[in-house]
Amino acid sequence: MKYPKTKEILNQLVADLTQMHMVVHQHHWYMRGNRFLKLHPYLDDVMDELADQLDQVSERLITLDGNPVSTLGEIVEKTKIPDEKGNWDETIDERYAKIVDGYHYLDNLYEKGIEVSDEEGDYSTNDMLTGFHTAIEKRIWMMSAEIGKAPEIDQ
């Protein structure tokens with residue numbers, strides 16, 4: 001079997017990108033506050049970017065003869081991004097901080113995928129993951145700045 005560690009990381013990304021999309025969507029629905037009109041549409045862009053990454057990661061996994069997780073049960077079982085029931089009690093800053101936490105996890109997972117795909121010689125996957133990693137870091141910076149914090153990517 002070619003690229004076994006890369007396939008495992010890609011499948012983890014399928015689960016985690018699916019879960020992260022749901023987390024962002026939940027905060028998109030439950031958001032209230034004085035920056036709502038600006039930040040609600042911004043989260044639409046975030047969800048579009050996550051959905052695009054999910055589709056490309058899944059298709060790359062299939063290209064490598066892998067089998068992406070594709071049921072809600074599989075996603076719930078595999079994801080490492082926590083979920084919680086939606087509520088109206090959080091501020092926009094608290095919501096964004098939770099999204100940034102999830103993005104930090106994805107940042108680390110992309111880094112691991114970059115390392116593993118390089119070790120296994122899967123340079124096409126490596127290139128794809130490097131681009132997504134860069135996009136994730138930019139989102140961390142932008143969302144952190146919105147809530148008055150540094151991106152803390154080098155922590």
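These exercises, each with a worked solution, walk through one predicted model.

Residues are numbered from 1 along each chain as its sequence is written. Local features need pLDDT of at least 70 and side-chain atom pairs count only at pLDDT 80 or more, while totals for chains, interfaces and linings use all residues; side-chain values use heavy atoms, with hydrogens and water left out.

**Exercise 1. The core**

Task: Find how many residues the largest nonpolar core has, and which elements give two or more residues to it.

Solution:
- Start with the term. A nonpolar core is a set of buried Ala, Val, Leu, Ile, Met, Phe, Trp, Tyr and Cys residues joined through side-chain atoms within 4.5 Å.
- Buried means under 20% relative accessible area, exposed means over 50%, and partly exposed lies in between (1.4 Å probe, protein chains only).
- Now count. The largest nonpolar core has 39 residues. L13, L43, V57 and Y96 have the most contacts inside it.
- Then assign elements. Helices are DSSP runs of H or I with at least four residues, strands are runs of E with at least two, and numbering goes from the N terminus.
- Two or more core residues come from each of α1 (4-30), α2 (36-63), α4 (92-119) and α5 (123-146).

**Exercise 2. Around Y96**

Task: List what Y96 is in contact with, leaving aside its neighbours within four places in sequence.

Solution:
- Contact means heavy atoms within 4.5 Å.
- The list for Y96 is M31, L39, Y42, L43, M143, E146 and I147.
- One of these, L43, is also among the residues with the most contacts inside the core.

**Exercise 3. Two helices and their ends**

Task: Compare the reach of α4 and of α5 with the expected span, then say what follows each helix.

Solution:
- The expected span is 1.5 Å times one less than the number of residues.
- α4 has 28 residues. From first C-alpha to last, α4 reaches 41 Å, close to the expected 40 Å.
- α5 has 24 residues. Its reach is 35 Å, close to the expected 34 Å.
- Just after α4, G121 takes a positive phi of about 75°. Just after α5, G148 also has a positive phi of about 75°.
- Look at the buried residues of α5. They include M128, L129, F132, I136, R139, I140 and M143.
- Residues three or four places apart point the same way, because an α-helix has 3.6 residues a turn.
- The cover over the buried residues of α5 includes α1, α2 and α4.

**Exercise 4. The ring of W88**

Task: Describe how Y30 and R32 meet W88.

Solution:
- Rings of Phe, Tyr and Trp (its six-membered ring) pair if their centres lie within 6.5 Å; planes under 30 degrees apart are stacked, over 60 edge-to-face, the rest tilted.
- The whole structure holds three aromatic pairs. One of them joins Y30 and W88: 4.7 Å centre to centre, 50° between the planes, so the pair is tilted.
- This pair links distant parts of the chain. Y30 is in helix α1 and W88 is in the loop between α3 (72-78) and α4, 58 residues apart.
- Y30 is partly exposed at 23% relative accessibility. W88 is partly exposed at 45%.
- Add R32. Its charged end sits over the ring of W88, 3.9 Å from the centre. The test is NZ of Lys or CZ of Arg within 6 Å of the ring centre and within 35 degrees of the ring normal.

**Exercise 5. Salt bridges**

Task: Follow the salt bridges of E146 and E90.

Solution:
- A salt bridge is a side-chain nitrogen of Lys or Arg within 4 Å of a carboxyl oxygen of Asp or Glu. The whole structure has nine.
- E146 and K38 meet at 3.0 Å, N to O. E146 is in helix α5 and K38 in helix α2, 108 residues apart.
- E146 is partly exposed at 23%, whereas K38 is exposed at 53%.
- A network of salt bridges links R35, K38, D93 and E146.
- Turn to E90. Its side chain meets R95 at 3.5 Å, N to O, and both E90 and R95 are buried.
- E90 also bridges to K98, with the closest N and O atoms 2.3 Å apart. K98 is partly exposed at 28%.
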